[in-house]
Amino acid sequence: MLAMDYRGPYRVRAVQKSTPDIEHPNDAIIRVTRSCICGSDLHLYHGLVPDTRVGTTFGHEFTGVVEEVGSSVQNLKVGDHVLVPFNISCGSCLYCQNQLYGNCHEVNPGATAVGGIYGYSHTAGGYDGGQAEYVRVPFADVGPYKIPHDLDLDDAVLLTDVFPTGYQAAEMGGVKEGDTVIIFGAGPVGIFAAKSAWLLGASRVIVIDQLDYRLEFVKRFAQCEAYNFREMEDPVVFLKKITDWQGADVCIDAVGAEAAGSAMQRLTGVKLKWQAGSAIAVQWAINSVKKGGVVSIVGVYGPTGNLIPLGNAVNKGITIRMNQASVKRHLPRLIEHIQAGRIKPSEIITHKIPLEEVAEAYHIFSSKLDNCIKTILVPPSEMH
Amino acid sequence: MNHEIRTSEVKGWGADKNPLDRPAYPMWHQPEEGTGAHWIEPEKQEMKFTVLKSIERPAMTSAFGTSVPPSGLSGAIRKFAFKYSESSFGHWIPLLIADRVDMVEGVLDDLKHGHIPNVFKEMGLKSEFKYNRKSAIKKTMVGALMLGAVPLLYTYLRRKHARPIN
Ligand SMILES: NC(=O)c1ccc[n+]([C@@H]2O[C@H](COP(=O)([O-])OP(=O)(O)OC[C@H]3O[C@@H](n4cnc5c(N)ncnc54)[C@H](O)[C@@H]3O)[C@@H](O)[C@H]2O)c1
Ligand SMILES: [Zn+2]
Ligand SMILES: [Zn+2]
């Protein structure tokens with residue numbers, strides 16, 4: 001089968017690999033119909049995630065058709081069209097039982113802090129991902145979700161990660177009616193966080209990024225305010241000023257470990273790797289939230305440690321909440337929102353690129369070329 | 001400053017105002033319909049090759065990935081890293097080093113199989129020329145200059161070393 005193949009930082013290619021086998025009685029093999037490139041994949045692509053082995057196939061956002069099922073699979077049958085949450089989850093550990101599917105304890109031998117994620121290095125379980133024609137899906141009775149007939153495939157694939165993650169970011173912020181919400185990052189996750197803040201009843205939604213084309217997009221898509229931090233002398237002062245000098249009720253980090261905006265954070269976090277990524281977005285979030293407010297983090301960071309203003313967080317009495325999204329839990333409600341016409345996730349898709357051209361697809365998304373927001377890789381069988 | 005977006009104009013505003021309508025509220029919550037699992041404890045996946053396990057775990061997990069087992073020098077470094085817990089730099093720094101070694105091993109492996117990696121293609125640089133021509137040309141020129149500088153420097157150093165010491 002054709003599959004993406006990681007060769008080292010900034011180098012990937014499409015190659016022929018053997019199709020995956022059933023390895024566990026509750027596995028399924030899925031023929032992929034759509035897969036995305038995510039901001040999280042960029043952390044792998046840039047070589048920032050420890051134990052990313054050469055020869056791995058990335059891809060944790062995909063839809064497909066069930067091709068084969070293991071002996072104990074009951075809830076899926078061959079031919080079912082499914083969307084597959086990026087979290088691999090056993091369904092029976094303490095965390096899964098309580099619907100913390102992003103924190104499953106039974107699927108990642110290599111680390112205890114992280115759950116299992118498709119195509120996300122051996123630090124997240126060593127699974128091959130969905131940027132391929134076929135993919136092995138463990139615990140097929142738990143993760144995959146049958147795609148309703150009226151749901152577009154392009155909307156479905158965005159339900160495997162970025163829409164639920166953006167929603168959960170707002171949800172973890174505990175957004176209440178009347179709240180002012182600031183979102184750092186106008187990538188796919190930040191865009192959905194902005195829209196979700198409205199769904200939860202915010203009265204003001206502000207998005208910060210450095211890319212004008214993304215700010216223009218989020219302004220239209222999520223009907224919010226959007227500002228470029230490159231035009232501000234000090235983003236924290238700017239944000240205080242536009243929020244009556246108090247700050248926002250909720251600040252969301254939808255940027256993660258490669259945040260721009262501070263030469264010192266970039267040097268120590270991205271270039272020298274003395275810390276687990278640049279934490280400037282978290283710093284801005286802590287410093288621009290109200291006293292007693294909530295900072296919600298969905299941006300991804302490495303496992304060691306980061307420079308953040310803990311003292312300010314303590315003195316302001318803020319709450320910091322964060323997690324990997326628990327995708328499965330959000331699906332029924334988010335599908336209702338799509339069906340009710342409140343949101344059309346696929347509007348964020350700017351690029352559809354054949355899987356064969358995966359290297360160009362990564363470069364375009366990574367370098368933010370051609371006004372790229374979200375890229376879908378299409379396998380040869382789906383190119384018509 | 002446009003502070004003028006009226007919530008009544010926002011499609012779907014407040015649809016999930018009530019926390020009870022929010023799918024992850026409260027955070028710890030066992031679903032009545034179950035999770036899809038029909039087992040108390042999952043069956044164990046068979047281990048067919050070396051899988052590295054965190055020392056913060058007493059046993060293997062029920063399922064695990066089968067992508068790229070550790071091999072070569074990078075594999076040996078990874079095995080060493082797994083002597084340390086996730087709380088230790090002794091775990092993460094060797095893993096990052098192993099990743100870089102793995103990259104070199106990847107190139108050697110390509111060459112062994114008679115394949116010279118097409119780095120230009122693997123880096124997706126065609127699109128750089130298509131969408132960011134100016135910067136692409138600049139990068140190529142800098143690259144060419146640097147590549148050109150190598151033989152120059154080499155000749156210079158050779159000459160310097162060839163000079164008799166007196
Ligand atoms: N927790 C989860 O479950 C989960 C799921 C998906 C993605 N993520 C993470 O969310 C983050 C965003 O993902 P994405 O797909 O939207 O990525 P993306 O790379 O497309 O978007 C990130 C955006 O942040 C902007 N940015 C950079 N520095 C900034 C700063 N200091 N302030 C404000 N904006 C800044 C960039 O210009 C870019 O537009 C990543 O770290 C990703 O790994 C987490
Ligand atoms: Zn993702
Ligand atoms: Zn579990």
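Over all chains of this predicted model, the count of salt bridges comes to 28. One of them joins the side chains of A:Glu382 and A:Arg31, with a distance of 3.2 Å from N to O. The two partners stand far apart in the sequence: A:Arg31 belongs to strand S3 (residues 28-37) of chain A, whereas A:Glu382 lies in the segment after strand S17 (374-378) of chain A, so the salt bridge ties together parts that are 351 residues apart.

Salt bridges also occur between the chains. Across the interface of chain B and chain A there are eight of them. In one salt bridge of the model, the side chains of B:Glu122 and A:Arg13 meet at 2.5 Å, N to O. The interface further holds 62 residue pairs in polar contact, where both residues have a pLDDT of 80 or more. On the side of chain B that touches chain A, the elements that give two or more residues are helix H2 (89-112), helix H3 (119-122) and helix H4 (125-131) of chain B. Of these, H2(B) gives the most, with twelve residues. Sorted by class, this side of chain B has 36 nonpolar, 23 polar and 23 charged residues.

The extent of the interface may be described in two ways. Counted in residues, the contact takes 82 from chain B and 93 from chain A. The size of an interface is often given as the accessible area lost when the parts come together. For chain B and chain A the buried area is about 7,300 Å², and carbon and sulfur atoms give 53% of it.

The text now turns to the metal sites of chain A. The zinc ion (ligand 3) is coordinated by the SG atoms of A:Cys90, A:Cys93, A:Cys96 and A:Cys104, at 2.3 to 2.4 Å. Along the sequence, these donor residues follow the spacing C-x2-C-x2-C-x7-C. Their arrangement around the zinc ion (ligand 3) is tetrahedral because the four donor atoms subtend angles of 103 to 117°. For four tetrahedral donors, the ideal angle at a metal is 109.5 degrees.

The zinc ion (ligand 2) has as its protein donors A:Cys38 (SG), A:His60 (NE2), A:Glu61 (OE) and A:Asp161 (OD), which lie 1.9 to 2.3 Å from the ion. The site of this zinc ion (ligand 2) is tetrahedral, with angles of 91 to 133° among its four donor atoms. Along the chain the donors are spaced C-x21-H-E-x99-D. Two of these donors, A:His60 and A:Asp161, link distant parts of the chain, being 101 residues apart. A:His60 is in the loop between helix H1 (39-45) and strand S4 (62-69) of chain A, and A:Asp161 is in the loop between helix H3 (153-158) and helix H4 (162-172) of chain A.

Two details of the backbone complete the account. In chain B, a cis peptide bond joins B:Tyr25 and B:Pro26, with omega about -15°. B:Pro26 is found in the segment before helix H1 (72-81) of chain B. In chain A, A:Ser121 has a phi near 75°, a positive value in a residue other than glycine. This residue, A:Ser121, is placed in the loop between strand S7 (116-117) and strand S8 (134-137) of chain A.

Methods
Residues numbered from 1 in each chain as written. Chains lettered and ligands numbered in written order. Predicted model: local features only at pLDDT ≥ 70, side-chain atom pairs only at ≥ 80, totals over all residues. Heavy atoms only, no water. Contact = heavy atoms within 4.5 Å. Buried area = accessible area lost by both parts, 1.4 Å probe. Salt bridge = Lys/Arg side-chain N within 4 Å of Asp/Glu carboxyl O. Polar contact = N/O pair within 3.5 Å; in protein donor to acceptor, adjacent residues only side chain to side chain. Helix = DSSP H or I, 4+ residues; strand = E, 2+ residues; numbered from the N terminus. Nonpolar A, V, L, I, M, F, W, Y, C, P; charged D, E, K, R; others polar. Donors = N, O, S within 2.8 Å, 3.2 Å for Na, K, Ca; no water. Tetrahedral: all angles 85-135°; square planar, octahedral: opposite > 155°, others 65-115°.
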